[in-house]
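User: Could you take a close look at one part of this structure for me, the helix packing? I'd like to read it as one connected account.

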Amino acid sequence: MDFAIYSVGIILGFSVIRWLTENIKFHIRNNIVWVHHWILAFVAMITLFFFEIEYPFLWGILTGIALEGLGRKNWSIRRK
């Protein structure tokens, strides 16, 4: 059942972050670096892994967020 909870988390994370990125223009950037939401999700995953936190729903949400960001055309960290 953990896999089902993880899968639901992926779908929710992906769809919610897609809606947010299309409707809210929130960016963490400067003239050199652009911190995308997939990077923030990855950092959160590293933190969860380090502290051995095992919540399938949370992992699913973070995976969905990261996948949504990586699927876009411009996901480079360096700002052009």
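Analyst: Happy to! H1 and H3 cross in a right-handed sense (the near helix is turned clockwise from the far one by less than a right angle; anticlockwise would be left-handed). Their axes lie 6 Å apart, at an angle of about 40° (axes are lines fitted to C-alpha atoms over the stretch in contact, and angles run from 0 to 180 degrees between N-to-C directions). That angle makes H1 oblique to H3 (under 35 degrees counts as roughly parallel, over 145 as roughly antiparallel, 65 to 115 as roughly perpendicular, and the rest as oblique).

On the H1 side, the contact (heavy atoms within 4.5 Å) involves Asp-2, Ile-5, Tyr-6, Val-8, Gly-9, Ile-10, Leu-12, Gly-13, Phe-14, Ile-17, Arg-18 and Thr-21. H3 answers with Pro-56, Phe-57, Trp-59, Gly-60, Ile-61, Thr-63, Gly-64, Ile-65, Leu-67 and Glu-68. Sorted by class, this contact of H1 with H3 holds 13 nonpolar, six polar and three charged residues (Ala, Val, Leu, Ile, Met, Phe, Trp, Tyr, Cys and Pro are nonpolar, Asp, Glu, Lys and Arg charged, the others, including Gly, polar).

A word on the source: this is a predicted model, where local features need pLDDT of at least 70 and side-chain atom pairs 80 or more, while totals for chains, interfaces and linings use all residues. Residues are numbered from 1 along each chain as its sequence is written, and side-chain values use heavy atoms, leaving out hydrogens and water.

H3, which spans residues 56–70, also packs against H2. Here the angle is about 150° and the axes are 8 Å apart, so H2 and H3 run roughly antiparallel to each other. H2 passes H3 in a left-handed crossing. From H2 come His-37, Trp-38, Ala-41, Ala-44, Met-45, Leu-48 and Phe-49, and they meet Leu-58, Trp-59, Leu-62, Thr-63, Ile-65, Ala-66, Glu-68, Gly-69 and Leu-70 of H3. Twelve of the residues in the contact of H2 with H3 are nonpolar, three are polar and one is charged.

To set these contacts in the whole chain: there are three helices and two strands (DSSP runs numbered from the N terminus, helices being H or I with at least four residues and strands E with at least two). Along the sequence the order is α-β-β-α-α. Taken along the principal axes, the C-alpha atoms fill a box of roughly 45 × 30 × 20 Å.
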